[in-house]
Structure formats: C-alpha cells, structure tokens
Amino acid sequence: MERLIADLPGWVTSIALIAAAVAAALLVHRFALAIARRAATHSKGQLDDILLRRLHRPARWLLVAIALSFVQPGLDLGTSGTRAWAQAAGLFVPGLLGWMAVALLGVLFDWVLLRADVSVADNLRARRRRTRASILHRITVFVVLAITFCLMLMSIPSVRSIGVTLIASAGLAALAVGAAAQPALKNLIAGIQMAFSEPIRLDDVVIIDGEWGRIEDIRLTYVVVKIWDERRLVVPVSKFLENSFQNWTRETSQLLGSVFWYLDPAADILRLRAKLEELVKANPRWDGRFCNLQVTDTRPEAIEVRGLMTAKDASTAFDLRCDIREGLLAYIRSEMPEALVRTRGLLDFTPRPEAGSPSPSGRS
C-alpha cells in the first residue's frame, strides 16, 4: 500500500492531502459547534448564543485555512505552485482575519443591544447606548474593511511595487477626491460627530421639514425618520447638526399636550374647567402630573379656551388630546349648548302707523 502511494503522481498526493485537511477541519468545526450549542442550551445568558450565531461561519473557514497551512510543507507544488500558494494565502488570510474581526464587532454590538432594553418606560439611557453603539459599530466595521482591503492589496507584488508612486501622488489625489466627494465626506464626519454629541437618538420623536416622526435608523451619512403615516423621510446627517429641528424626547419622553376650543363668550368656564378635570382624571392615558383649562384669547366672535394635560410620551399625548377634545365637545353639545359660538345682531324695527293716523311724513 505504501509503495502504491509512493508511485502515485505528486499532484494526486497533494490533492488528497488538501482534501483530507479540509475534511478534517470541517469535522472538527462541526464537532466543536455541536458541543458549544449543547452547552449554550444549558446556559441562562444569551452571550453564548450571540457568539455561536456570529462566529460559526468565519470560524469554519479559519479552521480550514489553519489545516491547509499545516499540510502545505508536504505538498508537491514546485516553484510556481509555491509562489501561487503564497499569493493565495496573502489574499485569503487577511480576508479571513477581517471577517473574524467584523464578526467579533457584531458580537459586541448585539451584546450592547441586548443590554439596552428600550421596552421599559424610561428608555432614555437605553436609546442613548443603542444610538452610540450603532454609529460606532458602522465606523469600526468600515475601518476594519478598509484595513483588510489594503492588506490584501499589499500582498500582490505588482501593487506593492507601485506603492511609492501612489504615496507620491497621494496629496493631489486627496485634494481631487476631497473636492469631488465633499458632500459625502461632510456627512461622514457629521455622522462621527453625532455619535458623541447625540442631538438625536434611535426612537426619538422629532419634527423636521414640517413632518412628525420617529428616528428609525441612523447611518453614517443619513438618518431615516419614520413618519406617522408610515412614510420614510431620509435626511442627511449634516442637517441635524446645521439646522434647527424639534426633538420631543431629548431629555425625557413626557410631554405636555394642549387642546383648543373656540366658544361663545357666555360659556361658563368654571363648569368647563371642572368637566375637563373629570375627563382627564378618568382617562387612563393621563400620567397624573398636570391638567388645567384657561381662557387664553378673546376675539369679537368667540373666546379661545385652552386645555393642558400631560402624558408619558408623544403618542399617548396625541390620543389623550383627541379623547379630551371629543369628550368636552360632547358635554358642550348636550349640557351647555349656550357655549356654542353664535352670531349676534341688533335689529331695530319701526312700528307701522295705524289706519287714519298721520304718517311720519305728515301725509294721509
């Protein structure tokens, strides 16, 4: 048997060794993955599940690369084959290492998202962590991919040999690229700045360009705002740093809502104020902080009555305002119709003269 193997051509033996190394690496990976999954089922935490989900694919091919590096000295490659092997290794090894680094960054990002629970009532700190983690994750992934790509290019001799020429012309190239890509670079730098200044966070309620919506996603160069009617408004990042906008959840999600009615000046404000307090206190959307009703303006035809009430967030405040508006209008319609706006006028009637009496002009 040994003599038969020795009589085989070198390329057949090399292919057999490569196939055996790849098969052994895949078997080891499957066996280790099965053990890790069984251990994860008995674990209470979710970090091991995140590790398995993120790392099992890059770990498989990293084991294959390690197995091939072990069998490489025993391969009959020749001079040209050894050179090609080194060239392939110079391309694939940095790629695998970059893939593993991106996967590890994904594990860290998922772990931060898991720890930052935004389902709680006061989720300001969680939204801050998620926003910062999202932006920094994209920045670090971009840097890792750029470094990986450069390492892969530097493994090519022809590219490495022209490196001096590229460095010499890097200044002019940087000026040209900077002038052409000024808007993109501006938004990229603004995205990095946003990660630390935090003018907005994920799930913030904002009003921008006259639209009310929530921050759905923050990218390096743009922000996606989910508008209340399910539309998406895509806004450049730099706009949030250069222009004014409303952020209703910057420090807290609690909000003071207002409702306006235009009523007749004869309306009984004391009764309306008592009814407003009754409606607000009976509504489960009210957070119990404040409610009030006042006359805020007078006009020739009506008075402006404003009701104030508080809620835990913007969506709840909107629904609470609608409930109170409808409830007080129903009360006015059924119990205080005199509060409805009416148009007044003064009519002056001149009595008609009786028969036989002289007319105002003195004619009969």
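Author: Let's start with a word we will need often: two residues are in contact when heavy atoms of theirs lie within 4.5 Å. Leu340 is a good first case: leaving aside neighbours within four places in sequence, it is in contact with Asp264 and Ile332. This is a predicted model, where local features need pLDDT of at least 70, side-chain atom pairs count only at pLDDT 80 or more, and totals for chains, interfaces and linings use all residues. Residues are numbered from 1 along each chain as its sequence is written, and side-chain values use heavy atoms, with hydrogens and water left out.

Reader: Where is the place of Leu340, and what makes it partly exposed?

Author: Leu340 sits in the segment after H12. Buried means under 20% relative accessible area, exposed over 50%, and partly exposed in between (1.4 Å probe, protein chains only). The relative accessible area of Leu340 is 40%, so it belongs to the partly exposed group. Its C-alpha atom is 9.0 Å from that of Ala266, though 74 residues along the chain separate the two.

Reader: How many helices and strands are there?

Author: The chain has 12 helices and 8 strands. These are DSSP runs, numbered from the N terminus: helices are H or I with at least four residues, strands are E with at least two. Of its 364 residues, 30% count as buried. Taking contacts between residues at least 6 apart in sequence, 67% join residues at least 24 apart.

Reader: Why does Val144 count as buried?

Author: Its relative accessibility is 19% and the limit is under 20%, so Val144 counts as buried. Val144 lies in helix H5 (residues 124-154). Beyond its neighbours within four places in sequence, it is in contact with Gly98, Ala101, Val102 and Leu105. The C-alpha atoms of Val144 and Gly98 are 6.4 Å apart, with their positions 46 residues apart along the chain.

Reader: At what angle do helix H3 and helix H4 pack?

Author: Helix H3 (residues 47-71) and helix H4 (residues 78-115) pack at about 170°, and their axes are 9 Å apart. Angles over 145 degrees count as roughly antiparallel (under 35 is roughly parallel, 65 to 115 roughly perpendicular, the rest oblique), and therefore H3 is roughly antiparallel to H4. The residues of their contact divide into 19 nonpolar, 1 polar and 4 charged.

Reader: Which residues touch the most other members in the largest nonpolar core?

Author: They are Trp261, Leu263, Leu272, Leu293 and Met309, in a core of 26 residues. A nonpolar core is a set of buried Ala, Val, Leu, Ile, Met, Phe, Trp, Tyr and Cys residues joined through side-chain atoms within 4.5 Å. The elements giving two or more residues to this core are strand E6 (255-263), helix H11 (269-282), strand E7 (291-298), strand E8 (303-311) and helix H12 (314-335). H12 gives the most, with 7 residues. Leu272 touches Leu263, Ala267, Leu293, Leu328, Tyr331, Ile332 and Met336, not counting residues up to four places away in sequence. A second, separate core has 19 residues, including Ile139, Ile215, Leu220 and Val225.

Reader: Where is Glu301 found, and what makes it partly exposed?

Author: Glu301 is in the loop between E7 and E8. At 47%, its relative accessible area falls between 20% and 50%, so Glu301 is partly exposed. Glu301 touches Pro265 and Val341, not counting residues up to four places away in sequence.

Reader: What phi does Asp209 have, and what phi does Glu230 have?

Author: Most residues other than glycine have a negative phi. Asp209, not a glycine, has a positive phi of about 55°, and Glu230, also not a glycine, has a positive phi of about 75°. Asp209 is in the loop between strand E1 (205-208) and strand E2 (211-218), while Glu230 is in the loop between strand E3 (222-227) and strand E4 (232-236).

Reader: Why is Glu230 called exposed or buried, and what is Asp209 called?

Author: Glu230 has a relative accessible area of 51%, which is over 50%, so it is exposed. Asp209 has 49%, which is not over 50%, so Asp209 is partly exposed.

Reader: What does Lys239 touch?

Author: Lys239, in helix H10 (residues 237-242), touches Ile208 and Asp209, not counting residues up to four places away in sequence. With a relative accessible area of 24%, Lys239 is partly exposed.

How values were computed: Axes are lines fitted to C-alpha atoms, for helices over the stretch in contact, and angles run from 0 to 180 degrees between N-to-C directions. Ala, Val, Leu, Ile, Met, Phe, Trp, Tyr, Cys and Pro count as nonpolar, Asp, Glu, Lys and Arg as charged, and the others, Gly among them, as polar.
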